[in-house]
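Me: I would like to go through this structure with you before I return to the bench. Could we begin with the annotated sites and then turn to the helix packing?

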Amino acid sequence: MKKILVIGSFMTDLVVKADRFVEEGETIIGNSFNQFTGGKGANQAIAAARLGSNVEMIGELGKDSFGKDQIQSLENNNVKHDHVLFTGKAKSGVGNPQVDASGNNRIVVVPGANLKLTPKNLEELSNTIQSADIIVLQLEIPFETVYKAIELGHKYHKQIILNPAPAADLNQDYASMVTYMTPNEHEAQMLTGIDTSTPDGIKKSASELLKQGYQNVIITIGDKGSYFVNKNVEIQISAYKVKAVDSTAAGDAFIGAFAYGLSRGNSIQDSLQYASAVSAIAVTKMGAQPSLPSKKEVDDFLKNN
Ligand SMILES: Nc1ncnc2c1ncn2[C@@H]1O[C@H](COP(=O)(O)OP(=O)(O)O)[C@@H](O)[C@H]1O
Ligand SMILES: [Mg+2]
């Protein structure tokens, strides 16, 4: 089986629930507090590992208890973490959602140590990059570091999956080195300026991304499934019909599962179909990492769907 290397973020969510949002200068008593390990990088690594992939993660944490919890979470999920870095100059990344009684949220994210992962760090870890086959990237670490990862991955002939989330403008000079560009519909719109609210808009946006140089484009479209295109083929995958409870990390489940499919040497079509099942299961459960299914859960789901 091929090795997947995720180079990305750790965030710890500190979730505070109250009847309503707090006003300026006010203090109110909330109803609950919960702490969850997350971050798009860690989520995608764990998504792939739960399915049985050989996964390693590179990222940066602070020397604090959140950092220790993140390592424990990787350990519990069989994600290798020998080259996760620790900085004394910033705290581990946190997100602090305030959730009101209706489930609306207001979130402050402080990326902290995630922003300390430098291009130079990756150059020093080039052996680890060479040891992998598939490199998975998102945009919660510095852009220059993402670009360096693309450059090194390309130099060593690796497959590169770039999940351009959260949405941002990207330097198109790196596009042709990216094997799979995988935005959701909002990110695709941001990257192309094309309205993606219709099926036609999705196709136009995807072909614009091909024009920008990306080799293969996958746009995920929530409960409308996903759309794949490259120079030669076009594939549409519909979403499984499930009772959606919490769509947090649907995209992360999809990316991790797609990488798993590729690592098994499965076809693009089969990998997309599998990713669709894994992400559908993830939306039927609360939370990010707790919602990511094991291979057995996916097998059972596929028997019944
Ligand atoms: N309500 C849903 N029912 C079934 N599958 C879903 C649902 N929402 C998302 N998915 C699956 O998860 C994938 C990723 O979701 P999407 O919302 O596009 O990503 P993101 O979480 O990045 O916004 C979709 O392509 C689809 O396969
Ligand atoms: Mg979405």
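Me: Which residues does UniProt list for "binding site" together with D246?
Reply: In an unreviewed entry, UniProt lists D246, T248, A282, K285, G287 and S291 under "binding site". Please bear in mind that the model itself is predicted.

Me: How far apart in space are they, at the largest C-alpha distance?
Reply: The largest C-alpha distance is 9.2 Å, so to speak of a cluster in space is fair, although the residues are spread over 46 residues of sequence.

Me: And where does K285 lie?
Reply: K285 is in the loop that runs between helix 9 (268-283) and helix 10 (295-304).

Me: Which residues are in the "binding site" list that includes N184?
Reply: That list, again from an unreviewed UniProt entry, holds N184, T220, I221, G222, D223, K224, G225, G251 and D252.

Me: Which of these residues does the lining of the second largest pocket include?
Reply: The lining of that pocket includes I221 and K224. As for its place in the chain, I221 belongs to the loop between strand 13 (216-220) and strand 14 (226-229).

Me: Let us turn to the helices. At what angle do helix 8 and helix 9 pack?
Reply: Helix 8 and helix 9 pack at about 145 degrees, and their axes are 8 Å apart. The crossing of helix 8 past helix 9 is right-handed.

Me: Which residues of the two helices meet there?
Reply: From helix 8, the residues are A250, A253, F254, A257, F258, Y260, G261 and L262. They meet I268, S271, L272, Y274, A275, S276, V278, S279, A282 and V283 of helix 9. A282 also appears in the UniProt list with D246.

Me: How many residues of that contact are nonpolar, polar or charged?
Reply: The contact of helix 8 with helix 9 has 14 nonpolar residues, four polar and no charged ones.

Me: What about helix 1 and helix 8: how do their axes cross?
Reply: The axes of helix 1 (residues 40-50) and helix 8 (residues 250-263) come within 7 Å and cross at roughly 45 degrees. That angle makes helix 1 oblique to helix 8. The crossing is right-handed.

Me: Which residues make that meeting?
Reply: Helix 1 brings K40, N43, Q44, A47 and A48, and helix 8 brings D252, A253, I255, G256 and Y260. By class, the contact of helix 1 with helix 8 divides into five nonpolar, three polar and two charged residues. D252 is also one of the residues in the UniProt list with N184.

Me: Is the crossing of helix 6 past helix 7 left-handed or right-handed?
Reply: Helix 6 passes helix 7 in a left-handed crossing. E185, A188, Q189, L191 and T192 of helix 6 make the contact with I202, S205, E208, L209 and Q212 of helix 7. Four of the contact residues are nonpolar, four are polar and two are charged.

Me: How close do those axes come, and at what angle do they cross?
Reply: The axes of helix 6 (residues 185-192) and helix 7 (residues 199-212) come within 10 Å and cross at roughly 55 degrees. Helix 6 and helix 7 are therefore oblique to each other.

Me: One last topic, the backbone. Which residues does a cis peptide bond join?
Reply: A cis peptide bond joins A165 and P166, with omega of about -5 degrees. P166 is placed in the loop between strand 11 (159-162) and strand 12 (180-181).

Me: And which residue has a positive phi although it is not a glycine?
Reply: That is H157, with a phi of about 60 degrees. H157 is in the loop between helix 5 (143-155) and strand 11.

Notes
Residues numbered from 1 in each chain as written. Chains lettered and ligands numbered in written order. Predicted model: local features only at pLDDT ≥ 70, side-chain atom pairs only at ≥ 80, totals over all residues. Heavy atoms only, no water. Axes fitted to C-alpha atoms, helices over the stretch in contact; angles between N-to-C directions. Helix = DSSP H or I, 4+ residues; strand = E, 2+ residues; numbered from the N terminus. Parallel < 35°, antiparallel > 145°, perpendicular 65-115°, else oblique. Left-handed = near helix turned anticlockwise from the far one by under 90°. Contact = heavy atoms within 4.5 Å. Nonpolar A, V, L, I, M, F, W, Y, C, P; charged D, E, K, R; others polar. UniProt positions renumbered as here; feature names shortened; annotations may be inferred. 1 Å grid on protein atoms, 1.4 Å probe; cavity = no way out; pocket = protein on both sides within 12 Å on 5 of 7 lines; lining within 4 Å.
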